[in-house]
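I am opening my notebook to record what I looked up in this structure, entry by entry. I begin with the whole chain and then turn to single residues.

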Amino acid sequence: MNSRILDTFIVGVELLNRGEILAGHVKWEKLWKAGDIQIRKWIKGWIQFSGSILNVLAGKNEGAIYLAGKSINNLSNDSLSSAIVNVELAKDDMCNLIVVLKNDSFTLEDISESARRIKIKLINSTNKRGVDFLMTSEH
């Protein structure tokens, strides 16, 4: 993974963490569209992650549950992201979102607020922009 791909991923994380979920989602979709099979496989779980949140905000709870489950599955097989972000925490957030979505006692406002609070934790600031420890190939 080259530094341009890593930088784009981190920008997507930063956008999502600022509440610009759609903008982060679009950044990751661009990686998917331009990427080879390895990049597509890697970024897919993150696209599903943000897609699940977007579905919650659109009131599409069944779609959100489906994408959250797919995200958990794909992030469980993700060996690249764990050096950049806390993947386990992201998976936990998706599990918790599924629980909230399946619980009839929460209002739509509660559910939307829960989704908006989801953040992706960067491992540390030295993993930002131009890092070469993950570079396995040039794309």
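The entries below go from the fold to the core, then to the rings and the charged pairs.

**Entry 1: the model and its fold**

I note at the start that this is a predicted model, and I read every value in that light. I looked up the secondary structure and found six helices and zero strands in the chain, so that I could write the order of elements from the N terminus on as α-α-α-α-α-α. I then asked what share of the residues counts as buried. Of the 139 residues of the chain, 46% count as buried. For the surface I wrote down an exposed area of about 7300 Å², of which carbon and sulfur atoms supply 52%.

I also looked at how far apart in sequence the touching residues are. Among contacts with a separation of 6 or more, 69% are between residues 24 or more positions apart. As one case of parts distant in sequence, I picked L89, which is found in helix α5, and K121: these two are 32 residues apart in sequence, and their C-alpha atoms are 7.7 Å apart in space. L89 counts as partly exposed, because its relative accessibility is 35%, and partly exposed is the class between 20% and 50%.

**Entry 2: the nonpolar core**

Before searching for a core, I reminded myself that in soluble globular proteins nonpolar side chains tend to be buried together. The largest nonpolar core here has 38 residues, and those with the most contacts inside it are F9, W28, W42, W46, F49 and V85. I then checked which helices contribute, and found that α1, α2, α3 (37-57), α4 (61-76), α5 and α6 (108-116) each supply at least two residues of this core. Which helix gives the most to it? That is α3, with eight residues.

**Entry 3: the aromatic rings**

I counted five aromatic pairs in the structure. One of them joins F9 and W28, whose ring centres are 5.7 Å apart and whose planes stand at 25 degrees, so the pair is stacked. The reasoning needs one cut-off, namely that planes under 30 degrees apart count as stacked. Because F9 lies in helix α1 (residues 3-17) and W28 in helix α2 (residues 21-34), the pair ties together parts that are 19 residues apart in sequence.

I looked up the accessibility of both partners: F9 is buried, with a relative accessible area of 0%, and W28 also counts as buried at 0%. The pair belongs to a wider group, since F9, W28, W42, W46 and F49 form one aromatic cluster. Leaving out residues up to four places away in sequence, I listed what W28 touches, including F9, G12, L16, W46, S50 and I120.

In a separate note I recorded that R40 lies over the face of W32, at 4.1 Å from the ring centre.

**Entry 4: a histidine in helix α2**

I next looked at H25, which is found in helix α2. Is H25 buried or exposed? H25 counts as buried, because its relative accessibility is 10% and buried means under 20%. Again leaving out residues up to four places away in sequence, I found that H25 touches I47, S50, G51 and L54.

**Entry 5: the salt bridges**

How many salt bridges does the structure hold? It holds three, and I went through them in turn.

- E20 forms a salt bridge with R18, and their closest N and O atoms are 3.2 Å apart. E20 is partly exposed at 37% relative accessible area, whereas R18 is exposed at 54%.
- K91 forms a salt bridge with E88, with the closest N and O atoms 3.0 Å apart. K91 and E88 both lie in helix α5 (residues 87-102), three residues apart, which is about one turn of the helix. K91 counts as buried at 12% relative accessibility, while E88 counts as partly exposed at 48%.
- R117 forms a salt bridge with E113, and here the closest N and O atoms are 3.9 Å apart. R117 is exposed, with a relative accessible area of 54%, and E113 is partly exposed, with 37%.

Terms used
Residues are numbered from 1 along each chain as its sequence is written. This is a predicted model: local features need pLDDT of at least 70, side-chain atom pairs count only at pLDDT 80 or more; totals for chains, interfaces and linings use all residues. Side-chain values use heavy atoms; hydrogens and water are left out. A salt bridge is a side-chain nitrogen of Lys or Arg within 4 Å of a carboxyl oxygen of Asp or Glu. Buried means under 20% relative accessible area, exposed over 50%, partly exposed in between (1.4 Å probe, protein chains only). Helices (H or I, at least four residues) and strands (E, at least two) are DSSP runs, numbered from the N terminus. Rings of Phe, Tyr and Trp (its six-membered ring) pair if their centres lie within 6.5 Å; planes under 30 degrees apart count as stacked, over 60 as edge-to-face and the rest as tilted. A charge sits over a ring if NZ of Lys or CZ of Arg is within 6 Å of the ring centre and within 35 degrees of the ring normal. A nonpolar core is a set of buried Ala, Val, Leu, Ile, Met, Phe, Trp, Tyr and Cys residues joined through side-chain atoms within 4.5 Å. Contact means heavy atoms within 4.5 Å. Accessible areas come from the Shrake-Rupley method with a 1.4 Å probe; for residues, only the protein chains shown count as cover.
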